[in-house]
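The exercises below concern the empty spaces in a protein and the ligand bound to it. Work through each task with the structure open, and then compare your reasoning with the solution.

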Amino acid sequence: MSMDKYQEGNMEVFELNTKVISGVDCLEYFNQYKNQGIFIVCDKFLAENQSVTRILKEIDDSNKVVLFTDVVPDPPLEEVAAGMKRLMASSCDVIVAFGGGSAIDAAKAILFFTARQTGKVFEFIAIPTTSGTGSDATAATVITDLQAKVKHLFADPMMLPAVALLNPDFTRSVPKPIVANTGIDVLTHALEAYVAQGRDNFSDCFAEKSVQIITQSLLITYNDPDNTYHREQMQVASTMAGMAFNKAGLGINHGIAHNLGGMFHIPHGLANAILLPHVVTFNSRDEGCLNRYALLAKVTGIAPFTDTARVAVDKLIAYIRDIMEKMEMPTSLIAWGMDRNEFEAGKRQLAENALVDTCTQTTPLMPTADEVLEILNNISQ
Ligand SMILES: NC(=O)c1ccc[n+]([C@@H]2O[C@H](COP(=O)([O-])OP(=O)(O)OC[C@H]3O[C@@H](n4cnc5c(N)ncnc54)[C@H](O)[C@@H]3O)[C@@H](O)[C@H]2O)c1
Ligand SMILES: [Fe+2]
């Protein structure tokens, strides 16, 4: 693999165009808006538990605010179409995405297709309420085609939020299983970005720091939801991992996870988690990958610098399994509750779809369909 080699004639661009404002007072950012139309795409849960009123309180009365609260997990095309209709009828110029990855991704797709249809330019602000997807710092969105049972990831600079507001108060209510799923989603982003074909030293920085924070803050956040400091740290880790993979790309872990999500509606972070030890093992067949995982394990304190690469990677895999166990996560699709017959009937198609997923195109060691099937068989036991 070419990741350790110098490539002549290559040109690397690393851009950071999202202003990140963090802390419990970050919503004051909205004070500056006067006489504007503000379209808020919001998670249903956050609309119902009144969290959205925290934002509304900061918005001056001279503005017109339109709420779109029909977001469901893994947003489908139909939801995007409904959101576009509302946005076009509203004449708003500012779009605020408020919620987990599903709300942010829905807002992105609504923005993208409306802009393409109308030529309008929107100002885009993201307020994540899970520490997982990093969607507040990426140009990517994931939308589900319910008929075809597949999730599509696509990216465009237009969908990169201009501002990300990280308020740890908003992640206080995240239930434990979702803390676990989204936390491992962050870890998967960082690990995949660290070996992906588009990686460079800048993306490595964000991936390394993100994993280091995870080792210190994820379990504390899981066990003690009142610990604001560590919740704040996990928000930062999530955004940093997003910055890493926005440059580096992801890999086969996400390629398969998107299709498991499309077919079985398994939560995104959980699909990644079940796959992660198996994908690290598969990628480590490549020596370049093995060395990079080992480096990551060492710089983040998961393994000592004196370990051989193989031993360090074994410790990385053991670390993933250990935190999954401590967060009471299922480690196979069957343990999660997948229907065995449905899986057997769909697995070949799933493997083929995973290979053409956008994320798979930057994977470091391209598997064959049979090798994807082998991974699928291993995670279904
Ligand atoms: N755009 C990207 O770069 C990117 C990257 C990874 C994943 N994704 C996508 O993001 C989606 C997953 O996002 P997610 O993991 O954040 O989950 P999610 O947004 O689907 O939310 C999961 C559940 O948690 C609830 N929730 C959200 N915030 C909460 C809070 N503060 N308190 C209580 N409940 C809360 C939601 O209502 C929902 O029921 C998937 O569709 C995945 O494919 C996108
Ligand atoms: Fe993800």
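**Exercise 1. Describe the largest cavity of this predicted model, stating its volume, its lining and the elements that contribute to it.**

Solution. Begin with the volume: the largest cavity holds about 100 Å³ of space, and a search of the whole structure finds one cavity of 30 Å³ or more.

Next, list the residues around this space, which are Thr130, Ser131, Thr171, Val174, Val179, Thr182, Gly183, Leu218, Thr221, Arg231 and Met234. Assigning them to elements shows that α5 (176–195), α6 (201–223) and α7 (228–248) each give two or more residues to the lining, and that α5 gives the most, with three residues.

Then sort the lining of the largest cavity by class, which yields four nonpolar residues, six polar residues and one charged residue. Finally, turn to the domains: at least three residues of this lining come from domain 1 (19–171), and at least three come from domain 2 (176–379).

**Exercise 2. Work out where the largest pocket lies with respect to the two domains, and characterise its lining.**

Solution. The largest pocket has a volume of about 890 Å³, and 41 residues line it, with Gly100, Gly101, Ser102, Thr130 and Thr182 lying nearest its centre.

The elements that supply two or more residues to this lining are α1 (44–48), α4 (101–118), β6 (140–145), β7 (150–155), α5, α8 (252–264) and α9 (268–283). Among the elements, α5 gives the most to the lining of the largest pocket, with five residues.

The position follows from the domain assignment: because domain 1 (19–171) and domain 2 (176–379) both give residues to the lining, the largest pocket lies between them. A count by class completes the description, with 17 nonpolar, 18 polar and six charged residues in the lining of the largest pocket.

**Exercise 3. Identify the residues closest to ligand 1, and find side chains that make polar contacts with ligand 1.**

Solution. Start with the surroundings: 27 residues surround ligand 1, and the closest are Asp43, Gly101, Ser102, Thr130 and Phe170.

Now examine the side chains in turn, using a limit of 3.5 Å between N or O atoms for a polar contact. An N or O atom in the side chain of Ser102 is 2.6 Å from an oxygen atom of ligand 1. For Asp105, an N or O atom of the side chain is 2.9 Å from a nitrogen atom of ligand 1, while a polar side-chain atom of Ser135 lies 3.2 Å from a nitrogen atom of ligand 1.

As a last step, consider coverage: ligand 1 on its own has 870 Å² of accessible area, and the protein covers 91% of this area.

Notes:
Residues numbered from 1 in each chain as written. Chains lettered and ligands numbered in written order. Predicted model: local features only at pLDDT ≥ 70, side-chain atom pairs only at ≥ 80, totals over all residues. Heavy atoms only, no water. 1 Å grid on protein atoms, 1.4 Å probe; cavity = no way out; pocket = protein on both sides within 12 Å on 5 of 7 lines; lining within 4 Å. Points joined across faces, edges and corners; volume = space filled by probe spheres on them. Helix = DSSP H or I, 4+ residues; strand = E, 2+ residues; numbered from the N terminus. Nonpolar A, V, L, I, M, F, W, Y, C, P; charged D, E, K, R; others polar. Domains from an automatic or database assignment. Near = heavy atom within 4 Å. Polar contact = N/O pair within 3.5 Å; in protein donor to acceptor, adjacent residues only side chain to side chain. Areas by Shrake-Rupley, 256 points an atom, 1.4 Å probe, with all protein chains shown as cover.
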